[in-house]
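New page in the notebook. I want to get a feel for this fold, then follow up some charged pairs.

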Amino acid sequence: MPSFVLPDESIKSLTHYKNISMPCSYTNRIGVAISVVSLYRFNLHFLLKLFRLFFYCCFIAVILMHLDVYAETGPSVKKSNTRHYDIPAGPLNTVLTRFISEAGIFFAGSTELAKGRHSSGVRGNLSIRKALDTLLIGTDLEAIRNTQGQYMLRPANAQTLTLPAMTISAEAEKDALPPPYAGGQVARGGRLGMLGNKDVMDTPFNITNYTSQLIEDQQAATVLDVLKNEPSVRQRSASGGGYSYFNIRGFDVSASEVTFDGLPGMAPGYADLPMEFAERIEVLKGPSALLYGMSPNGRVGGAVNLVPKRADDKPLTRLTLGVESDALWKSHVDVGRRFGANGEWGLRFNGSYSDGDGYVDDQKKGGHVGALALDYRGERLRMTLDTFRLREKIRGGVPMLVSVAPGRPGSSNSNWLTSMPAPPDPRTNLFPDSPGNTATTEAVILGGEYDFNSYWTGYAKLGVQRYKGGEYASISPSAVQLNGDATILPEPFSYKGDTKSTEAGLRGRFQTGAVSHALALSASYLTRDAGNAWITGSAHPTNIYAPVPIVGLPILSDHIPKTSESTLSGIALADTLGFMDDRVLLTLGVRRQNVKSTNFNASTGVVTSGYDASTWSPMAGLVVKPTEYLSLYANYIQGLSQGTRVGQNYLNAGEVFPPYKTEQVEAGAKLQTGSFTNTISLFQITRPSTLTDDSTSPLPTLRLDGEQRNRGIEWTVFGELMDGLRVLGGITYTQAKLTKTQGGLQDGNQAFGSPPWAANFGVDWDVPGLPGLALNGWAIHTSRQYVDNANSLKMPSWTRLDLGARYATQLSGKPLFTAGGLSPWALRAPSACQPPSISESSETMRAHTFTRRDHAALAGRILLAVCGGYAFCWGVVALFAAMTFLLGAEFHDGEMLGLILALLFYPVAFLWSFAARSLWLVSGVLVGGGGLMAAAASLIQSALT
């Protein structure tokens with residue numbers, strides 16, 4: 001058995017001040033195999049668990065191997081000669097190229113024949129022949145197949161015409177999902193709620209769609225691990241704490257608001273959202289009321305959609321074994337098969353089990369995930385059935401959440417701080433022997449689509465979800481002082497909930513003269529009954545650097561009363577109009593949303609308050625494509641949150657405010673340069689709130705006059721800079737201002753929890769000459785931010801660096817995949833990936849005999865790569881710091897962002913030094929460019945001083 005390096009998990013715990021993320025001193029330890037010290041830490045109970053886990057894994061592996069044998073020797077499954085197409089109308093060249101890519105056929109045709117003609121597209125589960133005939137309707141062309149199996153175009157009702165041949169081939173896309181972009185880690189498109197799947201270049205929003213390859217390459221275990229690639233997303237909860245909170249563009253979102261295959265209310269809300277059953281994670285930045293409807297908790301910053309795994313045409317059997325930190329062991333089984341004469345029936349099962357120590361001292365973690373996905377692919381009918389059960393247990397400690405009391409001008413209260421306390425070690429257990437948290441989520445989702453014809457499709461989904469948990473003790477220390485002294489108020493807490501969610505709709509395409517239409521109609525309904533119970537214990541003094549054990553916790557009963565019920569219903573209509581062969585796309589839509597909620601007394605069950613209101617929510621989006629590789633877009637869209645029924649302490653008691661409307665205006669551009677895509681966007685989001693008007697008598701009046709305004713600019717990139725070098729990330733600058741506050745006292749202040757600068761960059765590199773070996777790294781930076789709306793206390797900036805590696809090879813004829821670094825390592829056998837092979841160019845390089853001249857040239861390139869790359873990156877840092885300082889940012893933030901950019905540019909400059917033909921060109925660009933940027937930075941600095 002080969003030996004492996006077993007790295008510990010990067011300590012990702014974030015200390016929170018008023019729910020604002022702040023990193024602690026990260027500890028990254030690397031061990032070879034399992035150290036002797038760690039072995040001493042294993043007690044007999046843990047060894048028995050480890051033996052049991054090993055036995056289960058071996059038992060499952062034997063069963064899976066037998067399944068593989070049956071798959072190879074059992075009845076053969078005839079591959080379906082039909083597949084599902086969803087190609088919109090457009091220029092015939094564009095439609096035909098996409099069809100060739102999806103169908104995986106060879107085509108010999110003339111661009112002259114297709115030029116200037118328009119196709120109405122093709123939609124439905126069709127054979128290649130029928131799909132070709134459908135997309136050629138009205139073009140006066142037909143497709144024929146020659147003796148070599150290639151398709152050719154010719155005028156309709158004409159004799160066979162010999163055409164200049166051009167051969168195009170591509171692999172069919174998987175399960176009708178938009179195909180992956182260059183590099184494979186991001187898809188070319190994704191779901192836009194009721195509008196269905198859309199290409200990135202045809203979308204009037206800023207979206208990123210992460211594929212299963214990225215999840216595998218980065219060993220992402222939760223949705224937060226995937227979202228670390230987003231510069232507009234910031235984590236707001238500590239990793240491993242049993243809950244997932246984050247914000248998008250400065251506004252809060254929780255994992256419970258993640259949609260499951262487009263259906264809201266199905267994701268677990270009180271546990272980490274795992275990736276075991278996720279095929280893709282799709283992220284839309286900005287409000288999305290029209291597209292997805294109002295979320296259960298009123299999400300306005302953005303939308304995250306989980307695309308579940310489906311069985312592929314190729315049989316899959318994968319076993320993953322892994323370890324995190326010192327001793328958190330994991331196992332995962334992934335099995336996929338298709339059955340039936342044409343492979344119309346599919347089954348995908350994912351199961352995982354974990355048990356061991358968390359990164360917090362003396363913390364125990366464990367749990368399991370079981371997910372089954374069934375699907376049927378008929379000629380017109382497609383059905384899916386997803387069911388999963390998730391259970392997570394945390395005992396003996398929880399990650400640290402801290403609340404501070406910012407100072408106030410002119411106050412002498414010693415409890416109010418004027419500077420932030422130093423962060424404690426993230427492994428510190430603030431609550432030893434904590435009862436922790438046990439959370440269970442179960443869900444069943446049934447979905448179906450039916451093609452009435454090639455142009456109209458109806459769909460419906462129905463989901464039922466149930467969650468329950470308890471024994472979580474709220475232990476957020478409050479009134480933390482500079483020396484670490486604080487107060488803890490334990491609150492044992494239990495909860496439950498039942499959710500039913502459904503959506504039905506119709507999508508269709510038609511033509512009115514020269515204008516194409518993509519119509520979408522949707523009706524949605526969600527109801528949730530929730531309950532909770534808690535007991536507030538006695539206050540205990542403690543210290544965040546040296547915690548004091550807490551004794552005498554109150555005991556909570558098993559009864560969980562119903563405390564609320566809510567119903568969200570709506571109907572929406574949208575139409576995407578295409579002009580000038582779909583080079584201009586205008587999307588107009590409106591949603592009618594109703595919100596109804598009732599709250600109950602936990603002891604008596606009597607109704608304590610209610611809310612019932614409706615509103616209209618419009619949306620407009622524009623896409624203009626001057627060229628095939630440039631897309632300009634703009635949008636206006638709203639996000640909806642439940643309004644307020646005014647209480648008895650106000651003059652307007654009983655007034656019902658309609659659902660709050662958060663409005664976004666955004667404009668941007670998307671540019672594809674070969675295998676690399678850049679997106680830049682400017683946005684403004686305004687969110688309303690209530691204020692008290694004290695000018696009325698005898699009581700004040702509650703008015704909907706408050707406002708927070710977030711303005712920003714985002715730059716995101718993804719794709720391959722060069723063959724084998726994948727880049728992902730971007731930079732966001734946000735001005736989160738309080739524009740309307742109580743009495744105007746805080747007007748113009750920065751909203752707390754919204755850092756002005758945020759940057760995320762990741763690089764993934766296939767090492768040349770070593771097939772199967774890849775290195776990767778990420779840099780994440782967050783600038784300084786305020787911890788209160790009074791802007792009296794600021795939290796310092798922080799930067800996080802991650803490094804990793806993976807290696808793919810073969811073991812006994814089965815593909816083997818090993819990954820490690822500052823993320824969990826995994827051993828996979830067998831997997832769906834292809835075994836690596838040594839390229840012909842690598843063998844040629846090895847056979848080459850180097851002369852002295854070759855050695856001198858190589859030494860010159862090494863010197864130029866190191867020194868020239870440094871000079872260029874030094875210029876980048878200097879110029880970027882000067883420019884950001886000129887724009888009003890703090891010098892330290894600009895310098896740090898420049899360093900992150902330099903981290904991205906340096907490997908590119910280094911590799912280009914060896915790949916370029918001319919050393920003079922390399923030296924001119926690197927050394928000369930670095931000098932020019934440094935000179936420009938010096939001139940800016942001189943002008944400012």
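I started with secondary structure: the protein chain has 46 strands and 12 helices. I'm noting here that this is a predicted model.

Next I looked up burial, and 52% of the 945 residues in the protein chain are buried. For the accessible surface of the chain I got about 41,400 Å², with 60% of that belonging to carbon and sulfur atoms. I also checked contacts between residues at least 6 apart in sequence: 68% of them join residues at least 24 apart.

Then on to the charged pairs. How many salt bridges are there? The count comes to 31.

I picked out arginine 191 and aspartate 261, whose closest N and O atoms are 2.8 Å apart in a salt bridge. Arginine 191 sits in strand β12, while aspartate 261 is in the loop between β18 and β19, 70 residues apart. Both residues are buried.

My second pick was aspartate 334 with lysine 309, a salt bridge at 3.1 Å, N to O. Here the partners are 25 residues apart, with aspartate 334 in strand β22 and lysine 309 in the loop between β20 and β21. These two are buried as well.

Last, I looked at arginine 806 and aspartate 764, which meet in a salt bridge at 2.7 Å, N to O. Arginine 806 lies in β44 and aspartate 764 in β40, so the pair ties together parts 42 residues apart in sequence. I get a relative accessible area of 7% for arginine 806 and 4% for aspartate 764, so I logged both as buried, the cut-off being under 20%. This pair also belongs to a network of salt bridges with shared partners, which includes Asp217, Glu720, Arg726 and Asp766.

Note on methods
Residues numbered from 1 in each chain as written. Predicted model: local features only at pLDDT ≥ 70, side-chain atom pairs only at ≥ 80, totals over all residues. Heavy atoms only, no water. Helix = DSSP H or I, 4+ residues; strand = E, 2+ residues; numbered from the N terminus. Buried < 20%, exposed > 50% of the residue type's maximum accessible area, 1.4 Å probe, protein only. Contact = heavy atoms within 4.5 Å. Areas by Shrake-Rupley, 256 points an atom, 1.4 Å probe, with all protein chains shown as cover. Salt bridge = Lys/Arg side-chain N within 4 Å of Asp/Glu carboxyl O.
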